[in-house]
Amino acid sequence: MNAFRQAVETRDFTAIENMIADDVVFLSPIIFKPYPGKAITLAILANVIQVFENFRYITEIGAEGDSEHALVFEAEVNGRTLTGCDFLRFNDEGKIDQFMVMVRPLNGAQELADEMGARFEQIVEQATEYMQK
């Protein structure tokens with residue numbers, strides 16, 4: 001099992017934090033512009049973990065140690081079921097340096113966008129706090 005998958009499934013945020021590279025780029029399923037940096041990526045992940053209900057990975061693509069990995073998941077947001085995929089790219093140190101998320105269907109993606117948009121100020125505050133550590 002992929003270590004990131006295990007950390008997410010056990011909600012071990014310290015382990016997640018340790019797996020993210022400082023120069024990571026987060027690519028959102030909702031917003032076109034990339035989010036560069038560990039602080040904003042961790043803030044987004046901390047909030048999406050709260051937004052997703054009944055989150056579970058259902059398929060893992062890629063062998064342990066591969067530089068690219070895909071984790072297909074199912075979750076609910078306010079009663080809307082969605083399927084998504086976390087596409088992870090690992091650097092030479094084994095840390096995630098690109099994290100791209102895709103979700104479907106459109107109504108599930110919209111519900112996710114609404115919930116995350118409502119938390120945007122909180123996400124920015126959390127990222128700022130992380131950078132000050």
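Is Arg56 buried, exposed or partly exposed? Arg56 is partly exposed, at a relative accessible area of 33%; buried here means under 20%, exposed over 50%, and partly exposed in between, with a 1.4 Å probe and protein chains only. Some notes on the rest follow.

1. Ground rules. This is a predicted model, where local features need pLDDT of at least 70, side-chain atom pairs count only at pLDDT 80 or more, and totals for chains, interfaces and linings use all residues. Residues are numbered from 1 along each chain as its sequence is written, and side-chain values use heavy atoms, with hydrogens and water left out. Helices (H or I, at least four residues) and strands (E, at least two) are DSSP runs, numbered from the N terminus.

2. The sheet. Six strands make up an open sheet with mixed pairing, in the order β2-β1-β6-β5-β4-β3. Two strands count as paired if DSSP finds at least two bridges between them. β2 (35-36) and β3 are the edge strands, each pairing on one side only. β3 and β4 run antiparallel and are joined by six bridges. If you want a landmark on that seam, look at Thr59, which stands opposite Val72 in β4.

3. A salt bridge on the same two strands. Coming back to Arg56, its side chain meets that of Glu74 in a salt bridge (3.2 Å, N to O). The pair links distant parts of the chain, with Glu74 in strand β4 (residues 68-77), Arg56 in strand β3, and the two positions 18 residues apart. Glu74 is partly exposed too, at 25% relative accessibility. The term salt bridge here means a side-chain nitrogen of Lys or Arg within 4 Å of a carboxyl oxygen of Asp or Glu, and by this rule the count comes to six. As general background, side chains of opposite charge can pair when their charged atoms come close.

4. The Arg5 network. I'd spend a moment on this one: Arg5, Glu9 and Glu60 are linked in a network of salt bridges. Arg5 and Glu9 pair at 3.0 Å, N to O. They sit four residues apart in helix α1 (residues 3-9), so about one helical turn separates them. Arg5 also forms a salt bridge with Glu60, again with the closest N and O atoms 3.0 Å apart. That second pair links distant parts of the chain: Glu60 is in strand β3 (residues 53-61), Arg5 is in helix α1, and they are 55 residues apart. As for accessibility, Arg5 is buried at 16%, while Glu9 is partly exposed at 36% and Glu60 is partly exposed at 27%.

5. Helices on the sheet. Helix α3 (residues 38-51) lies across β1 (20-27), β2, β3, β4 and β6 (96-104), and runs at about 60 degrees to β1. Helix α4 (residues 106-118) lies across β4, β5 (80-90) and β6, at about 75 degrees to β5. Contact means heavy atoms within 4.5 Å. Axes are lines fitted to C-alpha atoms, for helices over the stretch in contact, and angles run from 0 to 180 degrees between N-to-C directions.

6. How α3 meets α4. Their axes come within 10 Å and cross at roughly 125 degrees. That makes α3 oblique to α4, given that angles under 35 degrees count as roughly parallel, over 145 as roughly antiparallel, 65 to 115 as roughly perpendicular and the rest as oblique. From α3, Ile44, Asn47, Val48 and Val51 meet Leu112, Glu115 and Met116 in α4.

7. Backbone oddities to check. Most residues other than glycine have a negative phi, and most peptide bonds are trans. Arg104 and Pro105 are joined by a cis peptide bond, with omega about -5 degrees. Pro105 lies in the loop between β6 and α4. Arg11, which is not a glycine, has a positive phi of about 55 degrees. Arg11 is placed in the loop between α1 and α2 (13-19) and is exposed, at 51% relative accessible area. Asn54 likewise has a positive phi, near 55 degrees, but this residue lies in strand β3.

8. One last position. Glu121 lies in helix α5 (residues 120-131) and is exposed, with a relative accessible area of 64%. Glu121 and Asn78 are 43 residues apart in sequence and 20 Å apart in space, C-alpha to C-alpha.
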